[in-house]
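Hi,

Here is the structure I promised to send over. Have a look at it first, and my notes follow below.

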Amino acid sequence: MNDLHLNDHRPSDPVSLVVRRRIRPGREAEYESLLTEANALLARIPGHRGTGVVRPPPGEHEYTLLARFESLSAAADWELSPERADWLARIAPLVDEHVSFEKQPGLDFWFTPPAAPRLRQPPRWKMALLTLAALYPVSVSTSWLFGEALKPWLGHWPMPVRALPQMIVVVLSMTYLVMPAVTRWATPWLRR
C-alpha cells in the first residue's frame, strides 16, 4: 500500500482511495455481494462522499473500487476501521491478486490512466483548466435543458428537487463521456 503524492497536499484536501483487485474466476457474484456491503459500510463513515465500481469487461476479472472522502483523515478513518478489516478478511478468499492500492488527492482520479496508476499527475492548474473547459458546456446545456426545455414538466418542482436530476446528468456525462474523451484529446498538453 503506497501513499502517492500525498505529502504535497493538506490533510483537509479531498482524497480518493482507488483499489484494483483481480477476482478469482467464478467468485464474481460473491464479490459483488460483498461490494454492496462495503458501500453500506462506507456510507456510515463521516466524510465519505461516494463510491464507484468499475467492473471488468467480459472475460476479465479486475475490479476497481473508488471511494471518495472529504479529507485524508476521513479516508484514514475508513482504512483503520475494524469494519474494513473484517470486510477485507471476508473478501480474501475471493481475491486472486491485489493489483494496486493508491490514494489520489482531489480530482486526480479523472486524470490517471487505469493501466498506469503510478504515472506522475499533470499540474493541478492544467487539471483545473481542463475540468472547467469540459464542465462549462455540460453545465450550460443541462441548465438550459432543465431550466427551459423541461420547464413545463419540472417547473413546479422545488429548486433542490429540480437540481437533483440535473446534477445526475452532469456527473454521469462528465464521468463517462466528457472527461474520458477530453483527457484523451488533451494528453499531449497535459504531459508537457
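Let me start with Val 95, which sits in strand 4, the stretch covering residues 95-105. Keep in mind throughout that this is a predicted model. Val 95 is buried, because its relative accessibility is 6% and the cut-off for buried is under 20%. Which residues does Val 95 touch, once neighbours within four places in sequence are set aside? They are Arg 21, Arg 22, Ile 23 and Arg 24. Arg 22 is 73 residues away from Val 95 along the chain, yet their C-alpha atoms are separated by 5.9 Å.

Just before that strand comes Pro 93, in the loop between helix 3 and strand 4. Buried or exposed, or something in between? Pro 93 counts as partly exposed, with a relative accessibility of 41%. Its contacts beyond four places in sequence are Arg 24 and Arg 27. So Arg 24 turns up in the contact list of Val 95 and again in that of Pro 93. From Pro 93 to Arg 27 the C-alpha distance is 9.0 Å, with their positions 66 residues apart in sequence.

Stepping back to the whole chain for a moment: the protein chain has six helices and four strands, and their order along the sequence is β-α-β-β-α-α-β-α-α-α. There are 192 residues, of which 38% count as buried. Among contacts with a separation of 6 or more, 71% are between residues 24 or more positions apart. The pairs Val 95 with Arg 22 and Pro 93 with Arg 27 are worth pulling up with that in mind. As for the surface, the protein chain exposes about 11500 Å², and 63% of that comes from carbon and sulfur atoms.

Next, the helix pair. Helix 1 (residues 28-43) and helix 3 (residues 82-91) have axes that come within 11 Å and cross at roughly 175 degrees. That angle makes the two helices roughly antiparallel, because anything over 145 degrees counts as such. On the helix 1 side, the residues in this contact are Tyr 31, Leu 34, Leu 35, Glu 37, Ala 38 and Leu 41. Helix 3 meets them with Glu 83, Trp 87, Arg 90 and Ile 91. Sorted by class, the contact has seven nonpolar residues, three charged ones and no polar ones.

His 48 is another one to click on. It belongs to strand 2, residues 48-54, and is buried, with a relative accessible area of 15%. What does its side chain have for polar partners? One is the side chain of Thr 51, in a polar contact of 2.7 Å. In addition, a polar atom of the His 48 side chain lies 3.4 Å from the backbone oxygen of Leu 42. Leu 42 is also among the residues that His 48 touches beyond four places in sequence, together with Ala 43, Arg 68 and Phe 69.

Last, Ala 134 in helix 4, which spans residues 124-149. Ala 134 is buried, with a relative accessible area of 4%. Beyond its neighbours within four places in sequence, Ala 134 is in contact with Met 174, Val 178, Met 179 and Val 182. Thr 183, which is 49 residues from Ala 134 along the chain, has its C-alpha atom 9.6 Å from that of Ala 134.

Cheers

Methods. Residues are numbered from 1 along each chain as its sequence is written. This is a predicted model: local features need pLDDT of at least 70, side-chain atom pairs count only at pLDDT 80 or more; totals for chains, interfaces and linings use all residues. Side-chain values use heavy atoms; hydrogens and water are left out. Buried means under 20% relative accessible area, exposed over 50%, partly exposed in between (1.4 Å probe, protein chains only). Contact means heavy atoms within 4.5 Å. Accessible areas come from the Shrake-Rupley method with a 1.4 Å probe; for residues, only the protein chains shown count as cover. A polar contact is a pair of N or O atoms within 3.5 Å; within protein, one must be able to donate a hydrogen and the other to accept it, and residues adjacent in sequence count only if both atoms are side-chain atoms. Axes are lines fitted to C-alpha atoms, for helices over the stretch in contact, and angles run from 0 to 180 degrees between N-to-C directions. Angles under 35 degrees count as roughly parallel, over 145 as roughly antiparallel, 65 to 115 as roughly perpendicular and the rest as oblique. Ala, Val, Leu, Ile, Met, Phe, Trp, Tyr, Cys and Pro count as nonpolar, Asp, Glu, Lys and Arg as charged, and the others, Gly among them, as polar.
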